[in-house]
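Subject: Structure handover

Hello,

Here is the structure I said I would pass on. Please open it and keep it beside this message while you read the notes that follow.

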There are 2 protein chains.
Amino acid sequence: MKIKTKAITIEDVVRLSGVSRGTVSRVINDHPHVSEEKRKKVKEAIEQLDYMPNVSAQRLRNIKTKTIAVIVSSISNPFFGLLLEELEKDVIKLGYQLLLCNTRNSKKKEIDFLRLLITNQVDGIILASMANYWENIKEFVNYGPIVCCNQFDPKVEVPSIGLDHEEAAYIGTKHFIDNGHEKIAFCGGISQFNISVGRKQGYEKALKESGLKINKDWIFDNVYGTAGGIEVFNNVANMRVRPTAVFSGGDEIAVGFIKAALDSGWKVPQDISVMGFDNQPIGTFVSPELTTIQQPIEQMGKITIQKMIESINNIQSMRSEEIILKANLIERNSVKTI
Amino acid sequence: MKIKTKAITIEDVVRLSGVSRGTVSRVINDHPHVSEEKRKKVKEAIEQLDYMPNVSAQRLRNIKTKTIAVIVSSISNPFFGLLLEELEKDVIKLGYQLLLCNTRNSKKKEIDFLRLLITNQVDGIILASMANYWENIKEFVNYGPIVCCNQFDPKVEVPSIGLDHEEAAYIGTKHFIDNGHEKIAFCGGISQFNISVGRKQGYEKALKESGLKINKDWIFDNVYGTAGGIEVFNNVANMRVRPTAVFSGGDEIAVGFIKAALDSGWKVPQDISVMGFDNQPIGTFVSPELTTIQQPIEQMGKITIQKMIESINNIQSMRSEEIILKANLIERNSVKTI
DNA sequence: TTTTAAATTGGGAACGTTCACACTTCCACG
DNA sequence: CGTGGAAGTGTGAACGTTCCCAATTTAAAA
C-alpha cells in the first residue's frame with residue numbers, strides 16, 4: 001500500500017485561499033461575519049484540497065465528541081438489534097456516531113463504559129440495559145448526560161423512555177378475557193428490575209376487573225427462552241385444572257411453549273391459546289403465527305435520541321422524567337377467539 | 001445535576017506528585033527510565049486524583065484512536081448481531097472500541113463511513129458487508145487498514161475472512177445425497193456478490209459427482225426471507241416432478257418453506273426435506289427443528305480482529321489474503337434420513 | 001461631515017497530551 | 001582519577017483546532 005501521506009490541515013487551506021486561519025475556521029463552522037467573497041475562496045480551497053478537519057483536534061478544543069455510547073447487555077438479542085437499528089438511524093441524521101457497548105450483564109464492564117463520560121470520549125450515554133443498581137451508577141450523572149431506554153427504575157434520576165409494561169400485560173390479558181378465557185396463566189420472563197413486576201400487576205388488574213380469581217399455580221416467574229416455554233408447558237400439561245390461555249413474557253417463551261404443545265399432540269389455539277411479547281420476526285415464522293404484544297421500538301428510539309440531544313445541548317434539562325409508551329396488540333392466530 | 005467540574009489534567013498530577021510533566025507521561029505510558037521512587041509517587045497521585053488521560057489530546061498527539069469501525073448492512077440482521085457480539089468481545093480485550101456503522105445497503109453511507117479513515121477517527125475498518133463495488137472503495141486503502149469479513153470479492157486487495165460457500169453448499173447437498181435424495185432443489189438466497197455463485201457451484205459439484213442431473217427448474221435465485229421460502233414452496237407444490245429435498249440459502253427461507261408446506265398439509269421431512277443456512281436461533285424454535293449449515297462466526301470474528309490488529313501495527317502487512325473457513329452441518333430433524 | 005455601531009479580519013493563546021532534546025547524575029572501567 | 005555511556009529528569013515544541021481580543025473597514029445614524 002501507499003504510504004499514508006501527511007494529512008491536509010487548516011494551514012494548507014489558509015495558504016491556498018490567502019485568508020487567515022480564523023476566517024477559515026469561521027467558514028468551516030458556519031459562523032457569521034465572513035464576507036461572501038472570502039467564504040467562496042475558502043470553500044473552493046477546501047474543495048480543491050479535499051480538506052477535512054481533524055476530528056481529534058476539534059474534540060480537544062471543543063470538548064464535544066459527537067459520539068454517543070449505547071450500553072446494551074447483548075447485541076445479538078434481536079430486541080436490541082432492532083433498537084440499535086433505530087437509534088443509529090436517528091443519531092446519524094444529527095451528525096453523531098454510535099459507540100457500541102456490550103456488557104453481557106457484567107457490572108464491571110458497564111462501569112468501564114460509563115467512564116467514557118468522565119474521559120470525555122462520548123457526549124452522552126444511552127443505557128438500554130442496566131447491570132448495576134442505580135445507586136452504583138448515579139455518580140456518573142455528574143460527568144455528562146445519561147438517558148435510560150427500555151427500562152424503568154423509579155430511583156433513576158435521568159430521563160427514562162420505556163414501555164408501560166403494566167398496561168401491556170393488561171391489554172394482553174384483557175384480550176384473552178374478551179375472548180372468553182377465564183383460566184389464564186402468566187409467565188413473567190426474567191425478572192429484570194421491575195419490568196416483570198409491572199407486567200404481573202397488569203395481568204392481575206385485568207383478572208380482578210373481570211372478577212376472575214388469581215391462581216398462584218398459573219403464575220410462572222423467571223421463565224426464559226424457548227427452554228423456559230417448554231418447561232412451562234410441561235408444568236401445565238401435568239395440572240389437574242389447566243389454564244386455557246398463557247400470557248408469556250417473550251416471543252421465544254411463547255414459541256417454545258407452542259412447540260412443546262404441538263409435539264405433545266395438542267392443538268394451538270384450540271387446546272390452548274398463547275400470547276407472546278415483543279413481536280419478533282420469529283412470531284411470523286411459526287405455525288400458528290403468534291399473537292403478541294408489540295413494543296413501539298421506533299418511537300422509543302426516536303424519543304431516546306431526542307432526549308439525549310436535549311440533554312447534551314442543555315445540561316440543565318437532565319432531570320428525572322419518565323416517558324411511558326403504549327404497547328400494541330398484534331393479533332395473529334395463536335389465540336382462540338370467539 | 002452538579003455542574004461538570006473542570007477536568008483533572010496531567011498538570012494536576014505534576015503538582016501533587018512534585019515531578020515533571022515528562023515523567024508523569026512516562027509513567028502513564030509505561031516507558032522505561034523512571035526511578036521506582038518517582039513512579040510510585042506519580043501512581044499515588046494519579047490514584048488520589050482519580051486522574052484519567054484526556055483521550056482527545058492523546059489522539060491528537062498520537063494519531064491513534066484505539067477505535068475500530070465495523071460496517072454492516074443491518075444491525076438487526078441476526079447474523080450480524082452474532083458477528084458483532086464476537087467482534088466486540090475480542091476488540092475490547094485489546095483495549096479498542098467498536099464504532100457501529102449501519103449502511104442499510106446505501107453506497108453513499110458506506111463511503112461516508114470509510115471516510116472515517118481519512119479523518120483519523122478510527123484506526124481501521126472492518127467491512128462485514130459491502131454495498132459498493134471494490135473499484136469504488138479501493139482508494140480508501142491508502143488511508144488505513146481495511147479488513148473484509150464475511151464475504152469475498154476476488155478483486156479485494158486486503159485481508160478477507162469468510163466462509164467457503166462452495167464447500168458449505170457441497171456439504172449440504174452431499175448430506176441429502178448420502179441420505180438417498182436424488183431430486184434436490186436449490187435456493188440461492190440474495191445474490192450478494194459472489195456468495196450465491198459459490199454456493200451454486202458447490203451444489204452442482206455435489207450433484208455431478210454423484211452422477212445426478214441438474215434440473216434448472218429446481219434452482220431458485222434471489223429468494224429472500226420467509227416470504228421467499230413460501231413462494232418457493234408454492235412453485236414446488238405445482239410441479240409435476242417435485243424435488244424431495246430443498247437446500248435453502250438461509251434459515252428464514254427454510255422456515256418459510258416448511259411453514260407453507262405444513263400449512264398445505266405436507267409432512268416435513270416425510271414429504272419433503274429442507275435444509276437451512278446460518279444456524280440461527282429460529283431453527284430450534286420450529287417443529288421439526290431445522291437441519292442447517294453453521295458458519296463459524298466465532299472463528300470468523302477472532303481471525304478478523306487478529307488480522308485487523310496486525311494491519312494496524314504493521315501497515316506493511318495489508319495485502320490481499322483470503323482466509324477461507326469451513327462450514328459445519330448441524331443435523332436436526334428437517335431432513336429425512338435413511 | 002462627524003460619530004457610532006456593526007461587520008469583517010488576523011493572529012495569539014489555549015485545549016492536554018507526547019516527543020525530542022538537553023542536562024544532570026551515577027556507575028563501571030581502564 | 002578521568003572518561004564514556006546509560007539512566008533519570010525537566011522543558012519547549014508540536015499535534016490541529018477554535019476562541020478571544022484587538023485592529024481595521026464599512027455602513028448607518030446624527
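Between chain A and chain B there are 18 residue pairs in polar contact, with both residues of each pair at pLDDT 80 or more. The pLDDT cut-off applies since this is a predicted model. On the chain A side, α4, α5, β2 (97–102), α6 (107–118), α10 (251–263) and α11 (282–285) each supply at least two residues to the surface that touches chain B. Of these, α5(A) gives the most, with seven residues. Sorted by class, the side of chain A that touches chain B holds 25 nonpolar, 15 polar and 14 charged residues.

The contact between the two chains takes in 54 residues of chain A and 54 residues of chain B. Together, chain A and chain B bury about 5,300 Å², and carbon and sulfur atoms carry 58% of that area. How many salt bridges cross the interface of chain A and chain B? There are six salt bridges across it. One salt bridge to look up joins E85(B) to R104(A), with an N to O distance of 3.8 Å.

Next, the inside of chain A. The domain assignment splits chain A into domain 1 (10–53), domain 2 (65–163 + 297–326) and domain 3 (165–295). Note that domain 2 is written as two stretches, 65–163 and 297–326. The contact between domain 2 of chain A and domain 3 of chain A involves 15 residues from domain 2 and 11 residues from domain 3. Taken over C-alpha atoms, the centres of these two domains are 30 Å apart.

Domain 2 and domain 3 of chain A bury about 1,200 Å² between them, with 54% of it from carbon and sulfur atoms. Which residues of domain 2 of chain A lose the most area to domain 3 of chain A? They are F79(A), L163(A) and K326(A), which together make up 39% of what the domain 2 side buries. K326(A) also forms a salt bridge with E167(A), where the closest N and O atoms are 3.8 Å apart. The count of salt bridges between domain 2 and domain 3 of chain A is one. Two residue pairs are in polar contact across this interface, both at pLDDT 80 or more. In chain A, α5 (78–93) and α12 (297–313) each supply at least two residues to the side of domain 2 that touches domain 3. That side consists of nine nonpolar, four polar and two charged residues.

Last, the DNA. There are 26 residues around DNA strand D, and those that come nearest are I10(A), R21(A), R61(A), S20(B) and S35(B). Among the atoms of DNA strand D that come within 4 Å of the protein, 65% belong to sugar and phosphate. Both chains take part: α2 (21–28) and α4 (55–62) of chain A, and α2 (21–28) and α4 (55–62) of chain B, each supply at least two residues of the surface near the strand. The residues of that surface are eight nonpolar, 12 polar and six charged.

Three contacts to phosphate oxygens of DNA strand D can be checked by eye:

- I10(A) places a backbone N or O atom 2.7 Å from a phosphate oxygen of the strand.
- N29(A) has a polar side-chain atom 2.9 Å from a phosphate oxygen of the strand.
- Q58(A) has a polar side-chain atom 3.1 Å from a phosphate oxygen of the strand.

Regards

Notes:
Residues numbered from 1 in each chain as written. Chains lettered and ligands numbered in written order. Predicted model: local features only at pLDDT ≥ 70, side-chain atom pairs only at ≥ 80, totals over all residues. Heavy atoms only, no water. Near = heavy atom within 4 Å. Polar contact = N/O pair within 3.5 Å; in protein donor to acceptor, adjacent residues only side chain to side chain. Helix = DSSP H or I, 4+ residues; strand = E, 2+ residues; numbered from the N terminus. Nonpolar A, V, L, I, M, F, W, Y, C, P; charged D, E, K, R; others polar. Domains from an automatic or database assignment. Contact = heavy atoms within 4.5 Å. Buried area = accessible area lost by both parts, 1.4 Å probe. Salt bridge = Lys/Arg side-chain N within 4 Å of Asp/Glu carboxyl O.
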